[in-house]
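User: I have a structure open that I have never looked at before. Can you walk me through it?
Analyst: Go ahead and ask.

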There are 2 protein chains.
Amino acid sequence: MDGFPEMPQEEEKVNRALVTELNGSLPDEEMFYRLSELYKVFGDSTRIKILYVLFEAEMCVCDIAALLGMTQSAISHQLRVLKQSQLVKFRRDGKTIYYSLDDDHVRTIIGMGIEHLTEEA
Amino acid sequence: MDGFPEMPQEEEKVNRALVTELNGSLPDEEMFYRLSELYKVFGDSTRIKILYVLFEAEMCVCDIAALLGMTQSAISHQLRVLKQSQLVKFRRDGKTIYYSLDDDHVRTIIGMGIEHLTEEA
DNA sequence: CTCTCACTTGAACATCTGTTCATATGTTAT
DNA sequence: ATAACATATGAACAGATGTTCAAGTGAGAG
């Protein structure tokens with residue numbers, strides 16, 4: 001097989017060259033993995049809601065739970081995920097723990113998402 | 001129960017008011033759902049890689065598959081997801097189908113993600 | 001027409017994810 | 001100390017997700 005080296009049209013030649021070039025300059029696997037892990041965090045409506053309400057002010061777990069109509073446990077689990085991704089930080093005040101946004105990119109990322117959705121036909 | 005209306009400290013009063021205020025002005029459920037669905041698309045390293053290689057140029061399915069070292073089928077499945085979210089578009093040229101980015105926000109969103117990752121301690 | 005190529009699609013399967021429930025930790029008040 | 005409260009955590013279960021494999025389009029060549 002492969003006895004007849006077919007002549008590709010010009011367009012394909014260009015593309016083939018680009019593929020070869022890209023092949024050597026792709027970021028490493030680790031980077032893509034970490035990026036996708038970060039976006040997975042945004043890929044849950046409960047977590048998006050939590051981030052959204054934290055846009056306004058820091059808030060304790062029970063307030064967030066009440067606001068979103070969910071159990072404290074569920075919110076706590078999700079806050080842990082957000083904490084691990086360094087998207088939220090917290091401070092303790094007596095029995096209460098106040099959470100707040102830990103990163104300015106969060107606003108931009110969610111903002112871009114909203115733009116994308118609202119610009120659709 | 002609730003026989004003793006305890007007096008909360010001032011800080012909590014303020015927070016309580018904010019929670020009440022937020023409660024009325026939250027975007028609807030649908031919007032949070034759609035946002036999270038969008039980010040779910042970014043939450044897979046295969047799809048991130050596909051978007052990344054499409055930064056450079058339009059590309060056909062087999063090129064993407066070769067570049068990422070995956071089967072055509074797997075790539076095709078993921079392209080369908082990207083298509084449904086209107087993140088990529090395609091054009092047919094004979095037997096070949098070329099995919100390309102359909103939205104400028106993709107670059108910004110991924111850019112913010114990379115910034116977030118690189119800014120960590 | 002048939003054959004091949006590029007791609008799509010559906011079912012199946014293993015893996016991952018989010019919530020619930022029960023339990024544990026930590027802080028304050030008594 | 002005990003009780004009450006705010007939060008965290010672990011196990012478990014249902015539902016979602018990504019890849020593989022096999023079969024299905026659709027377009028160009030012979």
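User: Which helix gives the most to the surface near DNA strand C?
Analyst: Helix 5 of chain B, with 5 residues. Helices here are DSSP runs of H or I with at least four residues, strands are runs of E with at least two, and both are numbered from the N terminus. "Near" is a heavy atom within 4 Å of the strand.

User: Is this model predicted, and how are things numbered?
Analyst: This is a predicted model, where local features need pLDDT of at least 70 and side-chain atom pairs count only at pLDDT 80 or more, while totals for chains, interfaces and linings use all residues. Residues are numbered from 1 along each chain as its sequence is written, chains are lettered from A and ligands numbered from 1 in the order in which they are written, and side-chain values use heavy atoms, with hydrogens and water left out.

User: Back to the DNA. How many residues surround strand C?
Analyst: 25 residues surround DNA strand C, and the closest are A:Thr46, A:Arg47, A:Gln78, B:Gln72 and B:Tyr99. Of the strand's atoms that come within 4 Å of the protein, sugar and phosphate account for 64%.

User: What classes are the residues on that surface?
Analyst: There are 7 nonpolar, 11 polar and 7 charged. Ala, Val, Leu, Ile, Met, Phe, Trp, Tyr, Cys and Pro count as nonpolar, Asp, Glu, Lys and Arg as charged, and the others, Gly among them, as polar.

User: Which side chain is 2.7 Å from a base nitrogen of strand C?
Analyst: That of A:Ser73, through an N or O atom. B:His77 has a polar side-chain atom 2.7 Å from a base oxygen of the strand. At B:Cys62, a backbone N or O atom lies 2.7 Å from a phosphate oxygen.

User: New topic: the two protein chains. How many residues does each put into the contact?
Analyst: 55 from chain B and 55 from chain A, with contact meaning heavy atoms within 4.5 Å. In chain B, B:Tyr39, B:His105 and B:His116 lose the most area to chain A, together 13% of what that side buries.

User: How many salt bridges between them?
Analyst: The count is 2; a salt bridge is a side-chain nitrogen of Lys or Arg within 4 Å of a carboxyl oxygen of Asp or Glu. A:Glu29 and B:Lys49 meet in a salt bridge, at 2.7 Å from N to O.

User: And which helix of chain B gives the most to the side that touches chain A?
Analyst: Helix 2 of chain B, with 11 residues. That side of chain B divides into 26 nonpolar, 12 polar and 17 charged residues.

Technical notes
A polar contact is a pair of N or O atoms within 3.5 Å; within protein, one must be able to donate a hydrogen and the other to accept it, and residues adjacent in sequence count only if both atoms are side-chain atoms. Buried area is the accessible area (1.4 Å probe) that two parts lose on being put together, summed over both.
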